[in-house]
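User: Please give me a close look at a single part of this model, and take your time over it. I work at the bench, so plain words are welcome.

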Amino acid sequence: MEAENSSSVRISARHQILKKLFKSEGVRRLLVPSSREDFNKAFEGFTEAEKDTLYHLFQNIVVESLPYNIERALDKICDVAKVGSILSKVEHIIEEQSLDVLYPYTGDLQEKIITVKKDEIATLKNLLEKVKKSNNEMRSRLDELKKNKDLPSMLDAVEKLRRWNAEFENCMGTSNQHKI
């Protein structure tokens, strides 16, 4: 850990928690000193003095020294594997994502926007096609009218149709009044 402490990389909270839990929970729980009675039962064939010596040796080597050696080995492994810097990067990514409240929804939102925009484009294309078709029909009619140049006679015919329609409506209106 000395290498990581001396570098500009700060030790992440996750790395500190990992080290703390390993030191306080991991190794110590595995090497919890057994009760004196359990120890004596395990070595029933020995004299009390031998049991005493073995118990103190066990306490000094296994319970006190071994966890320290294992912790140092873990620190070396963490240094080689760059656990601290990796956890710092992970923590940084998590912080960025937590700052972006919409982060979980951006993928779905992008897909929905793309779908809506594609639908809008299709609708606009259809509308454009209809307008083009209508324009072409109008051009065709105008060209036909220009060819015929019989516009005054057509206007007279339209006027006659309007008069006949008005007369028909008057006639229908008066006949309906007689029925009431």
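Analyst: Helices here are DSSP runs of H or I with at least four residues, strands are runs of E with at least two, and both are numbered from the N terminus. This is a predicted model, where local features need pLDDT of at least 70, side-chain atom pairs count only at pLDDT 80 or more, and totals for chains, interfaces and linings use all residues. Residues are numbered from 1 along each chain as its sequence is written, and side-chain values use heavy atoms, leaving out hydrogens and water.

The chain holds 7 helices and 0 strands. Let's settle on H4, which covers residues 48–81. With 34 residues at 1.5 Å each, H4 should span 50 Å (1.5 Å times one less than the number of residues). Its end C-alpha atoms lie 47 Å apart, which agrees.

Along the way, H4 bends by about 40° at serine 65, the bend being the angle between axes fitted to the seven residues ending there and the seven starting there. Proline 67 follows within four residues of that bend. Just after H4 comes lysine 82, with a positive phi near 55°.

Now for what H4 covers up. Buried means under 20% relative accessible area, exposed over 50%, and partly exposed in between (1.4 Å probe, protein chains only). Of the 180 residues in the chain, 13% count as buried. Within H4, the buried residues include Tyr55, Gln59, Val63, Pro67 and Glu71. An α-helix has 3.6 residues a turn, so residues three or four places apart point the same way.

Lysine 51 is buried too, with a relative accessible area of 8%. It forms a salt bridge (a side-chain nitrogen of Lys or Arg within 4 Å of a carboxyl oxygen of Asp or Glu) with glutamate 48. The closest N and O atoms of this pair are 3.8 Å apart. Both partners sit in H4, 3 residues apart, about one turn of the helix. Glutamate 48, by contrast, counts as exposed, because its relative accessibility is 53%. Side chains of opposite charge can pair when their charged atoms come close.

A search of the whole structure finds 2 salt bridges. Besides the pair in H4, glutamate 120 and lysine 117 meet at 3.5 Å, N to O. These two lie in H6 (residues 106–148), 3 residues apart, again about one turn. Glutamate 120 is partly exposed at 38% relative accessibility, and lysine 117 is partly exposed at 44%.
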